[in-house]
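Here is a short walk through one protein model, written to be read with the coordinates open beside you. Have a look at the display below, then follow along one region after another.

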Amino acid sequence: MENVYGNPHSQNITSKLTHDTVEQVRYRILTHFHTTPEDYTVIFTAGSTAALRLVAEAFPWVSRAPENDGSHFCYLTDNHTSVVGMRKVAAAMNVTSTPVKPEDMWSAEEKGAGAWDPDCQIPHLFCYPAQSNFSGTRYPLSWIEEVKSGRRSPASVPGKWFVLLDAASYVSTSPLDLSAHRADFVPISFYKIFGLPTGLGALLVHRRVAPLLRKGYFGGGTAAAYLAGEDFYIPRASVAERFEDGTISFLDVIALKHGFDALERLTGGMESIQQHTFALAQYTHSALSSLHYPNGAPVVRIYSDSQFSSPEVQGPIINFNVLDDDGNIIGYSQVDKMASLYNIHLRTGCFCNLGACQRHLGLSEEMVKKNFQAGHVCGDDIDIIDGRPTGSVRISFGYMSTLEDAQAFLRFISAIRLRSPGGQPVPQASTIDTGASLSKSDCHSPQEGSCTDPAVCSDSCLTASMVDLSLSPNEASGIQQTPPEKVASVLNGDRGPHIVTNIYLYPIKSCAAFEVTKWPVRSQGLLYDRSWMIVNHNGVCLSQKQEPRLCLIQPFIDLHQRIMVIKAKGMEPIEVPLEEDSEQTQICQSRVCADRVNTYDCGENVSRWLSRFFGRPCHLIKQSPHFQRNARKMPGKGQSPGAGASLSLVNEAQYLLVNTSSVTELQQQLNASDEQGKAESFSMKNLISRFRANIITEGARAFEEEKWDEISIGSLHFQVLGPCHRCQMICIDQQTGQRNQDVFQKLSESRGRKVNFGVYLMHSSLDLSSPCFLSVGSEVLPVLKECGAF
């Protein structure tokens, strides 16, 4: 706001200001790490990963040859993926890569001077983290000098050792003195220190190794001179300018100055941050370790190489898995979903550190390969395979963390696990201060369009396709909406024949249900089910996770007049045509559960209506009738759905079915009063609405639907694709938009490993040559898995 900064690759006044300011920031970074430009150079990169890649590509590797073994690249197995990935560059250079286990490095015998060959100058590189991003273990900074001098060797080979210290995790909460620990390469990431800017890191290079680095590619600003017509290129003398290809993110670099100022002003310096964050971690570790079930079994299993005795050996990271009272691990995905209900955000999985994950969780190489073959990939929510965990849960403290944060987390762990078999709370461990109350504010979710688990977001993640359709007056006359006065009697009816009791469609994604007694079926499912969605000004779909008031938007479809009427309290109703002239509409693209979807905007009138209701810019969009997307989830046993296996804006399947007996069992568990008798009462109608199913049935035993393989409803035939894995959306009361985590928590306790409720259905065959309808009162005929007709 106060200066104009130009591209630094010029000589005008604004460019000179940029250049000089960037240089001042370089000095500030070196000062922060207690060193000077005489010893280190700061090379700005696009993050710590880019810094590691730069080292891999520029290091003076010597390839294997008949006369010598060449260079060796050694790395601690407790390293980030970005370090392990350097071995691919080394392999391309015909260089040997050697993983080194932490225990081997700890026990490496220090070599005497006689074992050191000063005449051999073959360069080798050893990489290790100052702090494990998995467990928070802090490895000795003394290793730097010991490896460089030959007193501690990661591999018994003659040559000259250089050391890369991965400090990205460490420097976020601790001071690093490079005048005392003179690593050759130090990659760092600034967002880990300040929170932003993202996409900006640096490589600190010691002056002793800088002249040895080899430059391949060169970009703008790195050349002192070159020719386009022949292979003539002279790099700039400055190491930083030589390796900073193109224009650096100079505005973000300049912002770092303000980051350092703010950090110093708020905290007093990195030493204070280190003491503060370690104290929080030590307190939390002690409290977690003391939590036990009534039978004496521990509540968590902590993965650590230290006893949290001092910040010299342990960073402010706690890695663990939650256990049940039999000692079985509760999958990290379930813990993560529960945490979101308490407004607590965890990191789960293997944290881009598979080596540490394997060591602490006891996963062999063969197990990891089998897990991949079973469908598990990094970053998904497949947390248990063959009874063994695929990852864990991690909490980390930063300078902004407080004691209240730690206590809130501990109360969350106690609340979800410390319960007797009868569901009664068990007194918490004495180390937990219960004075502060846990915030139950709105929980957050992953960014829309980046669905981490399509199976758990039954009404917040989207997929798309749509086909043209037209109903004759005779067909439209057969459609009935359920009269409100009949809803209660249908929901609370006595158990009798196995029939469909209710049919719901959800014309606008995440908005209120539209209940009918008879409705047309098309190739994507129920006609107009999830055909529209509401997006923000960036075109990102809104869901009840971010905007619970979506459930207060009530759509009504009138097939006779070919309109959808949208209502909401305090708003005049607004009409939207069911079909637009596709020749005149402009197609736009949206992201739905990581898939591209072609849509069109439904106009400014409804946009203004929605924007007024939510108090922020919104648009209503409808999927294009010419866009088709097939379902990902397919039936098992080699079966494939019929030609009509395409989806509307549902995420998993064309239909979701819920069994009334299953709801009744959950209702009984929820309405059982605790010792204070303060349990909230949940009606059947309230619970059924939370699960946002299309088809409600009665006449089967509780959760019997999970054993079905196929199902027929009247003349319609379906494949059962499996259970619906639930997320925190079931905590939202669909009549009020208020949150209450009891439903999810009780379901988690009663269902065990996965919070499953309801099953997905897909057409196994569909003949659209004649009108097809789904009707209340239709008989339900399931076929059990690997059995005969039920």
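The buried residues of helix H12 pack against three neighbours: helix H13 (365-373), strand E15 (388-389) and strand E16 (392-396). H12 itself covers residues 354-361, and its buried members are Ala356, Cys357, Gln358, His360 and Leu361. In an α-helix there are 3.6 residues a turn, so residues three or four places apart point the same way. Right after H12 comes Gly362, whose phi is positive at about 70°. Please keep in mind that this is a predicted model.

Cys357 brings us to the next topic, the disulfide. Its partner is Cys350, and the two sulfur atoms are 2.1 Å apart. Such a link is a covalent bond between the sulfur atoms of two cysteines. With a torsion of -50° about the S-S bond, the link of Cys350 and Cys357 is left-handed. The count for the model comes to 1 disulfide. How accessible are the cysteines? Buried means under 20% relative accessible area, and the table lists four cysteines with their values.

| Cysteine | Relative accessible area | Class |
|---|---|---|
| Cys350 | 15% | buried |
| Cys357 | 0% | buried |
| Cys541 | 3% | buried |
| Cys731 | 2% | buried |

Now for a strand in the interior. Why can strand E7 be called largely enclosed by the rest of the structure? The reason is that 6 of the 6 residues of E7 (residues 201-206) are buried. Both faces of the strand take part: Gly201, Leu203 and Val205 point one way, Ala202, Leu204 and His206 point the other way, and all are buried.

Which strands pair with E7? One partner is strand E1 (residues 40-45), joined to E7 in the antiparallel sense over 6 bridges. Here Val42 stands opposite Leu204 of E7. Another partner is strand E6 (residues 185-189), again antiparallel to E7, with 5 bridges. In that pairing Phe185 faces Val205 of E7.

The loop that leads from helix H7 (191-194) to E7 holds Pro197. The peptide bond from Leu196 to Pro197 is cis, and its omega is near 5°.

Strand E18 (residues 499-505) offers another mostly covered element, with 6 of its 7 residues buried. E18 pairs with strand E29 (residues 695-698) in the antiparallel sense over 4 bridges, and Val500 stands opposite Thr697 in E29. E18 is also joined by 3 bridges to strand E19 (residues 514-522), and these two strands run antiparallel. The bridge partner of Tyr504 in E19 is Glu515.

The loop between helix H19 (684-690) and E29 contains Arg692. Phi of Arg692 is near 50°, a positive value in a residue other than glycine. Is Arg692 buried or exposed? With a relative accessible area of 2%, Arg692 is buried.

Asn343 is another non-glycine residue with a positive phi, near 60°. You will find Asn343 in the loop between helix H11 (332-341) and strand E13 (347-349). Its relative accessibility is 25%, so Asn343 counts as partly exposed.

On the surface, which residues make a nonpolar patch of about 250 Å²? They are Leu227, Phe232 and Ile234. Of these, Leu227 lies in strand E8 (residues 223-227). Leu227 counts as partly exposed because its relative accessibility is 43%.

Finally, let us step back to the protein chain as a whole. Its secondary structure comes to 20 helices and 34 strands. The chain has 790 residues, of which 54% count as buried. Among contacts between residues at least 6 apart in sequence, 73% join residues at least 24 apart. The accessible surface of the chain comes to about 33,900 Å², and 50% of that area belongs to carbon and sulfur atoms.

Terms used: Residues numbered from 1 in each chain as written. Predicted model: local features only at pLDDT ≥ 70, side-chain atom pairs only at ≥ 80, totals over all residues. Heavy atoms only, no water. Buried < 20%, exposed > 50% of the residue type's maximum accessible area, 1.4 Å probe, protein only. Contact = heavy atoms within 4.5 Å. Pairing = 2+ DSSP bridges. Patch = residues over 30% accessible without salt bridge, like charges linked within 9 Å, V, L, I, M, F, W, Y side chains within 5 Å. Areas by Shrake-Rupley, 256 points an atom, 1.4 Å probe, with all protein chains shown as cover. Salt bridge = Lys/Arg side-chain N within 4 Å of Asp/Glu carboxyl O. Disulfide = S-S within 2.5 Å.
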